[in-house]
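Dear colleague,

I am passing on the structure we discussed, with sequence and coordinates below. Please look it over before reading my notes.

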Amino acid sequence: MPRLSRSTRRPAGLAKLTPPTLPLVLERPRLYRRLDHARKNPIIWITGPPGAGKTTLVASYLRARRVRPLWYNLDERDGDLATFFHYLGLAAKQAAPRIRRSLPHLTPEYLLGLPIFTRNFFDSLAGRLKPSAVLVFDNYQQIPTDSQFHELLQVGVSELPRGMAVIVVSRQLPPPAFAGLEAAQLIEVIEPEALRLTEREFDGILRLRAGRERWKPSKTMRDELHRRVQGWVAGLILVLGRVKAGEREVVFLRDKQPEVVFEYLASQSLRGLSHETQTFLLKTAQLPVMTVGMAEKLTGSASAGEMLTKLHRARYFMERREEAQIWYQYHSLFREFLLARSTTVFQPDELRMLKRTAATLLADAGRTEDAMHLWQEAGEADELITLILAQAPALMAQGRAQTLEGWL
């Protein structure tokens, strides 16, 4: 869910050690039970795209269970291990203020024996905490991929006594350094699919908002909003928070996306991605669904399959369906954002060519109606006529005269 930027939170240092302030949130008992069971493992890894509700889930769960955690907000500075151990030592001091002796700093004499230093540090840290303590490491994706941090953290976590739990909140799955712990089944991974709002939770958030604003959505709007949000927590919260109650019916039933959703996606989803990845996203968004082969032909990239796998593995607003072949598609709100963004990044002729190529690929794959839509957007009347003539007999045989009339 949306978080305050660093500039609006507490000063550096305190901000790293401060749990989020919870607004009025919907309790999610099904996920609380999942976390109760997961605490039998030393590590709980919660992963999902921006705005999936990861941090709010953890904070509300700990509040519901009356657990005061040791909370650490990671950022890129923690790639410097001395910085990490410094602030973790401050967190320990906050958790056990009666113990005056500070935990050691990572000074140069320890650098040749980092694993030993880490084991000793976490062993001392555990001695200052309750046996059932919970350590939360939020925003884990901020740590550089090549940092030794990953290896040392799993070394340190392994030193914690049975009964203590570590909750990691990240947009990505555990890095390779944690493979040994995964193989030993010591990590419980809660993936994005579990974080999606169920219909009951979706309706619960609507009731919370409606109760505060004395506003009641129509069934038509409720169904349309549910279809487009697709369980994305931040999408629902942003829309309800920034669009006036009296305007929501108009905004959504006219297929208009609130600007605030685009602003959030622009600031959160593309930040930190390479230019190559951003271009790949913008190009493949022209396809409502795609196979690896279609993505390769549209982007001209031989590594398209690797990119799709990476995006799906990171659950980056990417869904994967296995039928006769494997299909990929973006979350509908994310795709709308990418399509809008592509009009400002690509020249008109380049964008028209992308749509033409995408339409051809869809038609070749038997996705006729998707192809029709793209031919229309590209203004390709000749291609539209050819496709209509080819499909007309089948549509009439299926009794779909109204669809054919709409195309004409």
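The notes below cover the sheet and then the helices.

Please keep in mind that this is a predicted model.

The sheet. Five strands form an open sheet in the order β2-β3-β4-β1-β5, with parallel pairing. The edge positions are taken by β2 (70–73) and β5 (187–190); each has a single partner strand, so one side of each is left without a neighbour in the sheet. On average, neighbouring strands are turned by 15 degrees against each other, with direction ignored.

One pairing in detail: β1 (residues 43–47) and β4 (residues 165–170) run parallel and are joined by five bridges. Within this pair, Thr47 stands opposite Ser170 in β4.

Helices on the sheet. Helix α2 (residues 54–64) packs on the sheet and touches β1, β2, β3 (134–138) and β4. The direction of α2 makes about 155 degrees with that of β4. Helix α1 (residues 29–38) lies across β1 and β5, and runs at about 165 degrees to β5.

Helix α3. This helix spans residues 81–95, which is 15 residues. From first C-alpha to last it reaches 21 Å, close to the 21 Å expected at 1.5 Å a residue. Which residues of α3 are buried? They are Leu81, Thr83, Phe84, Phe85, Tyr87, Leu88, Gly89, Ala91 and Ala92. These buried residues pack against two strands, β2 and β3, and against the helices α4 (114–127) and α5 (149–157).

Regards

Conventions:
Residues are numbered from 1 along each chain as its sequence is written. This is a predicted model: local features need pLDDT of at least 70, side-chain atom pairs count only at pLDDT 80 or more; totals for chains, interfaces and linings use all residues. Side-chain values use heavy atoms; hydrogens and water are left out. Two strands pair if DSSP finds at least two bridges between them. Helices (H or I, at least four residues) and strands (E, at least two) are DSSP runs, numbered from the N terminus. Axes are lines fitted to C-alpha atoms, for helices over the stretch in contact, and angles run from 0 to 180 degrees between N-to-C directions. Contact means heavy atoms within 4.5 Å. The expected span of a helix is 1.5 Å times one less than its number of residues. Buried means under 20% relative accessible area, exposed over 50%, partly exposed in between (1.4 Å probe, protein chains only).
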